[in-house]
Amino acid sequence: MIIRDATIADWTAIYPFFHSIVDAGETYAYPDGLGQDDARALWMETPPGRTVVAVDDGGTVLGSAKMGPNRPGRGSHIATASFMVSPSAQGQGVGRALGAHVVNWGRTAGYDGMQFNAVVETNAAAVALWTSLGFTVLATVPGAFDHASLGKVGLHVMFQSYSAGR
Ligand SMILES: CC(C)(COP(=O)(O)OP(=O)(O)OC[C@H]1O[C@@H](n2cnc3c(N)ncnc32)[C@H](O)[C@@H]1OP(=O)(O)O)[C@@H](O)C(=O)NCCC(=O)NCCS
């Protein structure tokens with residue numbers, strides 16, 4: 001598996017799992033039923049942001065991550081990122097590889113830290129993975145996510161500092 005910058009040609013491979021993950025209603029607060037163009041505008045970053053894909057040896061796109069400044073202007077020294085692994089490829093280390101890539105990008109690009117704004121508290125795999133990569137839960141907004149089967153659950157704000165020890 002390699003991780004490389006996504007091209008617009010990758011979008012046709014990303015959109016099916018973007019669509020199924022969002023419509024499952026368990027992990028992302030994006031609108032249901034987003035069409036190709038609206039979804040692409042949300043996921044395919046432009047500089048200084050980046051979108052990457054994890055690709056297997058045969059060229060199949062297994063997952064994707066996007067990253068960039070969390071806020072514009074005076075908030076732009078803190079990065080953020082989002083991740084989606086195709087359901088058929090989950091549980092095989094793709095998310096961990098994407099997470100490690102993104103953490104390394106944020107550090108080497110000179111950000112002071114990385115913030116995840118909305119990690120669903122019941123998303124055990126994501127919370128465990130981000131914690132193992134050095135993030136901590138700063139706060140949980142109660143009931144902020146309307147989970148498709150569990151109802152209103154909390155959203156974690158998770159953060160990792162890069163500036164300590166610089
Ligand atoms: C969350 C997601 C990115 C993780 O990617 P993945 O490829 O499935 O994860 P990995 O196979 O790399 O596993 C990551 C770790 O999570 C652990 N994990 C998986 N399910 C878990 C669970 N239910 N509870 C605790 N840990 C779990 C794995 O054991 C693994 O740990 P390890 O590397 O120490 O063995 C992926 O499942 C996904 O895209 N989910 C839908 C969208 C989403 O939730 N995005 C993140 C929003 S914050």
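Biologist: In which sense do β6 and strand β7 pair, and over how many bridges?

Modeller: This is a predicted model. In it, T136 stands opposite F159 in β7. The two strands, β6 and β7 (residues 151-161), pair in the antiparallel sense, and the number of bridges is eight.

Biologist: Which strands stand at the edges of the open sheet?

Modeller: Seven strands form the sheet, with mixed pairing, in the order β1-β2-β3-β4-β5-β7-β6. Two of them have a single partner strand each, so one side of each is left without a neighbour in the sheet. Those edge strands are β1 and β6 (136-147).

Biologist: By what angle are neighbouring strands of this sheet turned against each other on average?

Modeller: The sheet is open and holds seven strands. With direction ignored, the average turn between neighbouring strands is 25°.

Biologist: Which residue of β2 is the bridge partner of I2?

Modeller: β1 and β2 pair in the antiparallel sense over four bridges. In β2, the partner of I2 is V55.

Biologist: What is the bridge partner of V53 in β3?

Modeller: β2 pairs with strand β3 (residues 61-69) in the antiparallel sense, over six bridges. The two strands form a hairpin with five residues between them, and G59 in the turn has a positive phi of about 90°. In β3, V53 is bridged to S64.

Biologist: Are the faces of β2 covered or open, and which residues lie on each side?

Modeller: Strand β2 (residues 50-55) is mostly covered, with six of its six residues buried. Both faces are covered. On one side the buried residues are R50, V52 and A54, and on the other they are T51, V53 and V55.

Biologist: Is D10 buried or exposed?

Modeller: D10 sits in the loop between β1 (2-5) and α1 (11-24). Its relative accessible area is 8%, and the cut-off for burial is under 20%. D10 is therefore buried.

Biologist: Which residue has its backbone nitrogen 2.7 Å from a polar atom of the D10 side chain?

Modeller: Leaving aside neighbours within four places in sequence, D10 is in contact with R4, D5, V53 and V61. The backbone nitrogen at 2.7 Å from a polar atom of the D10 side chain belongs to T7.

Biologist: Which residues does S86 touch, not counting those up to four places away in sequence?

Modeller: S86 is found in the loop between β4 and α3 (94-108). With a relative accessible area of 12%, S86 is buried. The residues touched are F17, L62 and G63.

Biologist: At what angle do the axes of α1 and helix α2 cross?

Modeller: The axes of α1 and α2 (residues 36-43) come within 11 Å and cross at roughly 100°. Angles of 65 to 115 degrees count as roughly perpendicular, so α1 is roughly perpendicular to α2. W11, I14, Y15 and F18 of α1 make the contact with Q36, A39, R40 and W43 of α2. The crossing angle is roughly 100°.

Biologist: Which residues do ring pairs link into a cluster?

Modeller: Some of these aromatic residues also make the contact between the two helices, including W11 of α1 and W43 of α2. The cluster consists of W11, Y15, F18, Y28, Y30 and W43.

Biologist: How many aromatic pairs are there, and why is the pair of W105 and Y111 tilted?

Modeller: The count comes to 11 aromatic pairs. In the pair of W105 and Y111, the ring centres are 5.1 Å apart and the planes stand at 45°, so the pair is tilted. W105 is buried at 10% relative accessibility, and Y111 is buried at 8%. The two values asked for are 11 pairs and a plane angle of 45°.

Biologist: What is the geometry of the aromatic pair of F116 and W130?

Modeller: The pair links distant parts of the chain, 14 residues apart, with F116 in strand β5 (residues 113-120) and W130 in helix α4 (residues 124-132). F116 is buried at a relative accessible area of 5%, and W130 is buried at 8%. The ring centres are 5.3 Å apart with 65° between the planes, and the pair is edge-to-face.

Biologist: Which strands does α4 lie across?

Modeller: α4 runs at about 165° to β5. The strands that α4 lies across are β4 (78-85), β5 and β7.

Notes:
Residues numbered from 1 in each chain as written. Predicted model: local features only at pLDDT ≥ 70, side-chain atom pairs only at ≥ 80, totals over all residues. Heavy atoms only, no water. Phe/Tyr/Trp six-rings, centres within 6.5 Å; stacked < 30°, edge-to-face > 60°. Buried < 20%, exposed > 50% of the residue type's maximum accessible area, 1.4 Å probe, protein only. Polar contact = N/O pair within 3.5 Å; in protein donor to acceptor, adjacent residues only side chain to side chain. Contact = heavy atoms within 4.5 Å. Pairing = 2+ DSSP bridges. Axes fitted to C-alpha atoms, helices over the stretch in contact; angles between N-to-C directions. Parallel < 35°, antiparallel > 145°, perpendicular 65-115°, else oblique.
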